[in-house]
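Student: I would like to go through this structure term by term. Please set each value against its cut-off.

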Amino acid sequence: MPARRLAKQGKRVLLIDADAQGSLTASLGFTEPDKLEITLANVLEKVINDEEMEPDYGILKHDEGIDLMPGNIELSGLEVSLVNVMSRELVMRSYIGQVRESYDYILIDCMPSLGMITINAFACADSILMPVQAAYLPVKGLEQLIKTIGRVKRQINPKLEIEGILLTMVDSRTNYARDISALLIENYGNAEISAEGVSIYQHDPKGKVANAYQSLTEEVLRDE
């Protein structure tokens, strides 16, 4: 993933797992996210309740030089309770404000739905990189996502920009995948290893996927 490549280039990187499934947390080797004592849900609850915490509270260290604020199923409960919270769209922004100075990059992995946690991520982000599978339904959902980003930009976070669209799971041998890819490029312009808890740079450093992420990282750095 780009985060590991950024860390290899000396950048201080924090990953935030804002998905209740905890897939990012598990992919980094913390294989049972639901058993972790402190996660993003606990941190955001402290923000809501105006409780003091150290800047590194709950942050896990990964041996490839990146930090992680883990996520788990408790985010589902927090999603519901945020409905009644004052300034509910800005809770994560408050947390980011406490840790921003410690990092060059903070990357937030969002759940694939446009709930309140995702809106919180949009409200504090500088830009959004949208992974999209080369399939019909994910592409149809992209239009709704872009509309939501536009509303957040107008109403909550004027600095928010779209970094780009990242096509994933593309089987370039099929006409279908090529047609979907061409459709995305036509409409939106040019814009992937987790099972072992190690990065693609350790698993297959010279492979096609590692090269693709290297290119993505270089493109992000060019936009600094």
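Tutor: What follows takes helices, packing, burial, cysteines and backbone angles in turn.

Student: What kind of model is this, and how are residues numbered?

Tutor: This is a predicted model, where local features need pLDDT of at least 70, side-chain atom pairs count only at pLDDT 80 or more, and totals for chains, interfaces and linings use all residues. Residues are numbered from 1 along each chain as its sequence is written, and side-chain values use heavy atoms, with hydrogens and water left out.

Student: What makes a run count as a helix or a strand, and how many are there?

Tutor: Both are DSSP runs numbered from the N terminus: helices are H or I with at least four residues, strands are E with at least two. The protein has 10 helices and six strands.

Student: How much of the protein is buried, and what does that word require?

Tutor: Buried means under 20% relative accessible area, exposed means over 50%, and partly exposed lies in between (1.4 Å probe, protein chains only). Of the 224 residues, 42% count as buried. The protein exposes about 12400 Å², and carbon and sulfur atoms supply 50% of that. Those areas come from the Shrake-Rupley method with a 1.4 Å probe; for residues, only the protein chains shown count as cover.

Student: Why is helix 3 called largely enclosed?

Tutor: Seven of its nine residues are buried, so the rest of the structure largely encloses helix 3. The buried ones are Leu40, Ala41, Asn42, Val43, Leu44, Lys46 and Val47. Their cover includes strand 1 (13-18), strand 3 (67-69), helix 4, helix 5 and helix 6.

Student: Why is helix 3 called roughly parallel to helix 4?

Tutor: Angles under 35 degrees count as roughly parallel, over 145 as roughly antiparallel, 65 to 115 as roughly perpendicular, and the rest as oblique. The axes of helix 3 (residues 40-48) and helix 4 (residues 74-81) cross at roughly 30° and come within 8 Å. That makes the pair roughly parallel. Axes here are lines fitted to C-alpha atoms, for helices over the stretch in contact, and angles run from 0 to 180 degrees between N-to-C directions.

Student: Which residues make that contact?

Tutor: Helix 3 supplies Leu40, Ala41, Asn42, Leu44, Glu45 and Ile48, while helix 4 supplies Glu74, Leu75 and Leu78. Contact means heavy atoms within 4.5 Å. By class, six are nonpolar, one is polar and two are charged. Ala, Val, Leu, Ile, Met, Phe, Trp, Tyr, Cys and Pro count as nonpolar; Asp, Glu, Lys and Arg as charged; the others, Gly among them, as polar.

Student: What makes helix 3 roughly perpendicular to helix 5?

Tutor: Helix 3 and helix 5 (residues 91-99) pack at about 95°, with axes 9 Å apart. That angle makes the two helices roughly perpendicular. Leu40, Val43, Leu44, Val47 and Ile48 of helix 3 meet Val91, Met92, Ser94, Tyr95 and Gln98 of helix 5. This contact has eight nonpolar, two polar and no charged residues.

Student: How do you know that valine 47 is buried, and what does it touch?

Tutor: Valine 47 has 17% relative accessibility, so it counts as buried. Not counting residues up to four places away in sequence, valine 47 touches Met53, Val91, Ser94, Tyr95 and Gln98. The C-alpha atoms of valine 47 and valine 91 are separated by 6.6 Å, though the two are 44 residues apart along the chain.

Student: Why do cysteine 110 and cysteine 124 form no bond?

Tutor: A disulfide is a pair of cysteine sulfur atoms within 2.5 Å. The sulfur of cysteine 110 is 8.4 Å from its closest cysteine sulfur, in cysteine 124, so the two are too far apart for a bond. The structure holds zero disulfides.

Student: Are these cysteines buried, exposed or partly exposed?

Tutor: Cysteine 110, at 27%, counts as partly exposed. Cysteine 124, at 6%, counts as buried.

Student: What makes helix 6 mostly covered?

Tutor: In helix 6 (residues 116-124), nine of nine residues are buried. Among them are Met116, Phe122 and Cys124.

Student: What marks the phi of aspartate 50 and of serine 87?

Tutor: Most residues other than glycine have a negative phi. Aspartate 50 has a positive phi near 55°, and serine 87 a positive phi near 50°. Aspartate 50 lies in the loop between helix 3 and strand 2 (60-61), and serine 87 in the loop between helix 4 and helix 5.

Student: Why is aspartate 50 called exposed but serine 87 partly exposed?

Tutor: Aspartate 50 has a relative accessible area of 70%, so it is exposed. Serine 87 has 45%, so it is partly exposed.
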